[in-house]
Amino acid sequence: MILKDYVHRPDADPKSEETCADAATRLRNAFKTNEDVVVLNDIRVPYDEGRTVNVDHIVLHSYGMTLINSRAIHGKIEINYRGEWSRSIRGREVAMQNPVEMFKYVSRNIRQMLTADIDSLLTRSKGSQKTFENMPIDVLFIQAPKSAIVGTGINNSSIIFSESLTQSINRTFSAYKKREFQMYGGLDTFKISRSDMYAIADFLMGKEIDRSSYPDSSETTTATKSEKAPEGKRGIVKAQSTRPVKIIKGKNIKPGKARREEQEG
C-alpha cells in the first residue's frame, strides 16, 4: 500500500532523481495492492541538532522496516580505507558524506522517536507491551546505472541496483517470517499488527493516528477471553500441569493385581 507518493524534485541532481523515480515506481508496482506492506516516499527524519535528512523510501512490514536511499550513489565514487567517500566531478575529487554512516544515525533516531511514542504506536498483546528495541531496521542503497564505486573501503552488502530492490525486500521479509516459526514459536521475533504498522506510518508522516481508519489486525491484540460453554452441551476444558514431568523407568513398573495373582498361582 502506497501511503505517501513520490514527488519529483526539480532542484535535485537529474541522475540521482532518475534513480529515485525508478525505485519509487518499482515499489509502487510491487506493493500498491498489498495491505501487509506500507510504502512511504520522501520522509524527513531528524539527523542532528537542528538538522534533518530525507529518507527517499521507507517500507514498513509486520517484522520491521527498510530504509532506502536512492539518490546518493551516482557517478564515479571512491571509498578509501578509512571509509571516506568522494565523488569525481569534472575530473575533480569532491568529498561527500558517507551515506552508510549517516543512515546508522538515521536508524538510531527513528528508533528513539518511535520509542518516545510507544504507547500510541504499539498495542498491548496478551497484556504485555512490546518495544522497539529489537525491531529490525534494514538499510538499502540504490546504485545508479553506469555509476562506479572503487576503492579499498567498499562494503557492498547493502548496495544494490534498482532491479534487485523488491526482490531484496521480499527476501528479507521471508527470512523474518521463517525465523518466527523456527525460534521458540516466534517469542524472540519482533512482529506488529497491521493496525500498528499504519499507526507508525502516520506518525512518520506527521499525521494524527486514527486506528478506526486502519485495516483490521490479523493478530490478537487483547487478552484472551474465556467463553462459557452453551447450556446443555459439554464443554471441553484443556488443563496444563505445572508439576515437573516424572520419568518412569521400565524396572520400576510393578505388575497389576491380576498379574501378581497369576504369578503367585
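# A guided tour, starting at Met 65

Select Met 65 to begin: leaving aside neighbours within four places in sequence, Met 65 is in contact with Ile 58, Val 59, Leu 60, Ile 110, Leu 114, Met 135, Pro 136, Ile 137, Asp 138, Ile 200 and Leu 204. Contact here means heavy atoms within 4.5 Å. The model is predicted, so local features need pLDDT of at least 70 and side-chain atom pairs count only at pLDDT 80 or more, while totals for chains, interfaces and linings use all residues. Residues are numbered from 1 along each chain as its sequence is written, and side-chain values use heavy atoms, with hydrogens and water left out.

**The cores**

Next, add Leu 67 and Val 106 to the selection. Together with Met 65, these residues touch the most other members of the largest nonpolar core, which has 42 residues. Such a core is a set of buried Ala, Val, Leu, Ile, Met, Phe, Trp, Tyr and Cys residues joined through side-chain atoms within 4.5 Å. Buried stands for under 20% relative accessible area, exposed for over 50%, and partly exposed for what lies in between (1.4 Å probe, protein chains only).

Among the elements that give two or more residues to this core are strand 2 (37–48), strand 4 (64–73), helix 2 (99–116) and helix 5 (194–204). Helices (H or I, at least four residues) and strands (E, at least two) are DSSP runs, numbered from the N terminus. Which element gives the most to this core? Helix 5 does, with six residues. For a second, separate core, select Val 37, Val 59, Leu 140 and Leu 165, which are included in its 13 residues.

**Helix 5**

Now colour helix 5 by accessibility. Ten of the eleven residues in helix 5 are buried, so the helix is mostly covered. The buried ones include Arg 194, Asp 196, Tyr 198 and Asp 202. What do they pack against? Strand 1 (2–4), strand 2, strand 3, strand 4, helix 2 and helix 3 are the partners. Step just past the end of helix 5 and you reach Gly 206, with a positive phi of about 80°.

**The six-stranded sheet**

Show strands 1, 2, 3, 4, 10 and 12 as a cartoon. These six form an open sheet in the order 1-2-3-4-10-12, with mixed pairing. Two strands pair if DSSP finds at least two bridges between them. At the edges sit strand 1 and strand 12 (159–160), each pairing on one side only. In the middle of your view, find strand 3 and strand 4, which run antiparallel and are joined by five bridges. One place to zoom in is His 61, whose bridge partner in strand 4 is Gly 64.

Now switch on helix 1 (residues 14–31), which packs on the sheet and touches strand 1, strand 2, strand 3, strand 4 and strand 10. The direction of helix 1 makes about 150° with that of strand 4. Axes are lines fitted to C-alpha atoms, for helices over the stretch in contact, and angles run from 0 to 180 degrees between N-to-C directions. Helix 4 also packs on the sheet, touching strand 3, strand 4, strand 10 and strand 12, and its direction makes about 160° with that of strand 10.

Within helix 4 (residues 165–182), pick Ser 168. Is Ser 168 buried or exposed? Ser 168 counts as buried because its relative accessibility is 9%. Beyond residues up to four places away in sequence, Ser 168 touches Leu 140 and Ile 160.

**The four-stranded sheet**

Move on to the open sheet with the order 7-6-5-11, again with mixed pairing. Strand 7 (92–96) and strand 11 (148–151) are its edge strands, and the twist averages 30° from one strand to the next. Strand 5 and strand 11 run parallel, joined by four bridges; select Ile 77 to find its bridge partner Ile 149 in strand 11. Strand 6 (residues 85–89) pairs with strand 7 in the antiparallel sense over five bridges, and Trp 85 stands opposite Met 96. In the hairpin of these strands, which has two residues between them, Arg 90 takes a positive phi near 55°.

**Aromatic pairs**

Finally, show the rings: the structure holds four aromatic pairs. Rings of Phe, Tyr and Trp (its six-membered ring) pair if their centres lie within 6.5 Å; planes under 30 degrees apart count as stacked, over 60 as edge-to-face and the rest as tilted. Phe 103 and Phe 141 are edge-to-face, at 5.6 Å centre to centre and 80° between the planes. Because Phe 103 lies in helix 2 and Phe 141 in strand 10, the pair ties together parts that are 38 residues apart in sequence.
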